[in-house]
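Let's take a walk through this one together. Have the sequence and the model open side by side, and follow along as we go.

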Amino acid sequence: MRVVDLIEKKRDGKELSKEEISFLLSEYLNGNMPDYQMSSFLMATYFNDMTANELLEFTMTMKNSGDTISFDDVRRFLVDKHSTGGVGDKVTIVLAPILAALGMGTTKLSGKGLGHTGGTIDKFESIKGFSFSNTRDELVSIANKTGIGLMGYSDRIVPLDKKLYSLRDVTGTVPSIPLIASSIMSKKLAIQSDVIILDVKVGDGAFMKDKEHAKELAERMIEIGKGVGKKVKVVLSNMDEPLGYSIGNANEIIESIEMLKGKGPEDLKEVVYTIASLALKAKGEIEELPDGKEKIDKVINDRSALQKLSEFISESGGDGNLINNYNLLPQSKSVLEVFSKKEGYISKIKTEEIGKAAMIIGAGRATKDDIIDHAVGIKIFKKVGDKISTGEKIAEIYYNDGKNVETSKNMILQAYTIKNDKVNKQKAILEIIE
Ligand code: URA
């Protein structure tokens, strides 16, 4: 077999066999296929797509390129919830304790933030002393005690994805649906779970900018799941405005805790309730999604979900009392209030700009090696559909280093479009695909 023949086959729109895909990927992983040949293959894939068989084989070969983690010794129904990333996305922090209180377990790898999007690892690491499990034994022990098994990504899991993604990033092939689907699903399938629930964010602040492409991605990921007999459910959720009101790290922990006290923002609640209901349905505890509400309300009202979060924080080296004492989180030195220069109704929020406005004051990373400041962030006061008057507060910027704060303020103001006519509020869940 020769790599060049397989590139030509893909270029000509013919289907590659299982053996051919496995040969191609192993040649690349072992360093026998140069980047220029893989770049050519990726571009041919970008234009010619993959068949269902190719996609499954590609994903499974990626998955098998590194370690896989089994959780046979975690005695719970295991949910792996994955988000494609957004601004203010704190769903895991709220959802995992709710699932734990409902008797399920979360086993998942979490990521760090990059660019305008945040990461669950960074949010939890704003808690003093907190560290993610480094070993599987530690993870299993915490997951058995608390029902929450979160671990940071390791280079040993799907190493091929890291290599391919770096190449895609510089060859214009990141936005290929089969390449995104295989990248995400190979990492999901490397971790044992009973159901995978994918939260595909759609809109300005998301990787998928429109619903049509997001739906196509969702369907391809479900197709991979079917190929390996794995339950995969997808929600398409709105990222045409930040999720909730807080963007940053410590401040997103606070908003998550407030949600577990029953005081969270409506859009965050809608996403969390939908995903938790999908998990309950996958487990066989409810027939229809709306039946989940009563069960979820109960673990919020009796504070058992909040208690789970506190236990998880304590088990991970932090102070679980922070659920009642936010002073245990890092605080920024200064706050800049941002006031609207116009009046009317908020018709649009350029979400990516808000994410970047938070990033430049230190809440996020422009490059992988940047150090973040967990105390800083942005709180917005207005969402799409809200009425605002001239001079009314639109946001607060929590900062330590004033260098970029004026730029951040201008970015926030420019991110908002204010119109005279009334505008409807946005729905948080755009579609559920089971
Ligand atoms: N997220 C991933 O993990 N991979 C992609 O290719 C895109 C988004």
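Start at Asp49, which sits in the loop between α3 and α4; helices here are DSSP runs of H or I with at least four residues, strands are runs of E with at least two, and both are numbered from the N terminus. Before going on, two bits of housekeeping. This is a predicted model, so local features need pLDDT of at least 70 and side-chain atom pairs count only at pLDDT 80 or more, while totals for chains, interfaces and linings use all residues. Residues are numbered from 1 along each chain as its sequence is written, and side-chain values use heavy atoms, with hydrogens and water left out.

Back to Asp49. With a relative accessible area of 29%, Asp49 is partly exposed (buried means under 20%, exposed over 50%, and partly exposed in between, with a 1.4 Å probe and protein chains only). The backbone of Asp49 is worth a look too: its phi is near 65°, a positive value in a residue other than glycine. Most residues other than glycine have a negative phi. Val158 does something similar, with a positive phi near 45°. You'll find Val158 in the loop between β3 (148-152) and α8, and at 2% relative accessibility it counts as buried.

Just before Asp49 in sequence comes Phe47, in helix α3 (residues 35-48). Phe47 counts as exposed because its relative accessibility is 62%. Together with Met43 and Tyr46, Phe47 forms a nonpolar patch on the surface, with about 310 Å² of accessible area for the three. Patches of this kind take residues with over 30% relative accessible area and no salt bridge, joining nonpolar side chains (Val, Leu, Ile, Met, Phe, Trp, Tyr) within 5 Å and like charges within 9 Å. The areas come from the Shrake-Rupley method with a 1.4 Å probe, and for residues only the protein chains shown count as cover.

Now for the ligand. Which residues surround it? They are Tyr165, Arg168, Ile180, Ser183, Ile184, Lys187 and Phe207, where being near means having a heavy atom within 4 Å. Helices α8 (159-169) and α9 (177-189) each supply at least two residues of this shell, and α9 gives the most, with four. By class, the shell has four nonpolar, one polar and two charged residues; Ala, Val, Leu, Ile, Met, Phe, Trp, Tyr, Cys and Pro count as nonpolar, Asp, Glu, Lys and Arg as charged, and the others, Gly among them, as polar.

Zoom in on the polar side chains of the shell. Arg168 has a side-chain N or O atom 2.9 Å from a ligand oxygen, and a polar side-chain atom of Lys187 lies 2.5 Å from an oxygen atom of the ligand. Ser183 puts a polar side-chain atom 2.6 Å from a ligand nitrogen. Polar contacts are pairs of N or O atoms within 3.5 Å; within protein, one must be able to donate a hydrogen and the other to accept it, and residues adjacent in sequence count only if both atoms are side-chain atoms. Taken alone, the ligand exposes 240 Å², and the protein buries 85% of that.

A little further along is strand β4 (residues 195-202), home to Lys201. Is Lys201 buried or exposed? It is buried, with a relative accessible area of 1%, and its side chain makes a polar contact of 2.8 Å with the side chain of Asp199.

Finally, the salt bridges: the whole structure has 35, each a side-chain nitrogen of Lys or Arg within 4 Å of a carboxyl oxygen of Asp or Glu. In one of them, Lys209 meets Glu352 at 3.2 Å, N to O. That pair links distant parts of the chain, 143 residues apart: Lys209 is in the loop between β4 and α10 (211-227), and Glu352 is in helix α15 (residues 351-363). Another joins Lys215 and Glu431, with the closest N and O atoms 3.1 Å apart. Lys215 lies in helix α10 and Glu431 in strand β13 (residues 429-433), so this bridge ties together parts that are 216 residues apart in sequence. As for exposure, Lys215 is partly exposed, at a relative accessible area of 29%.
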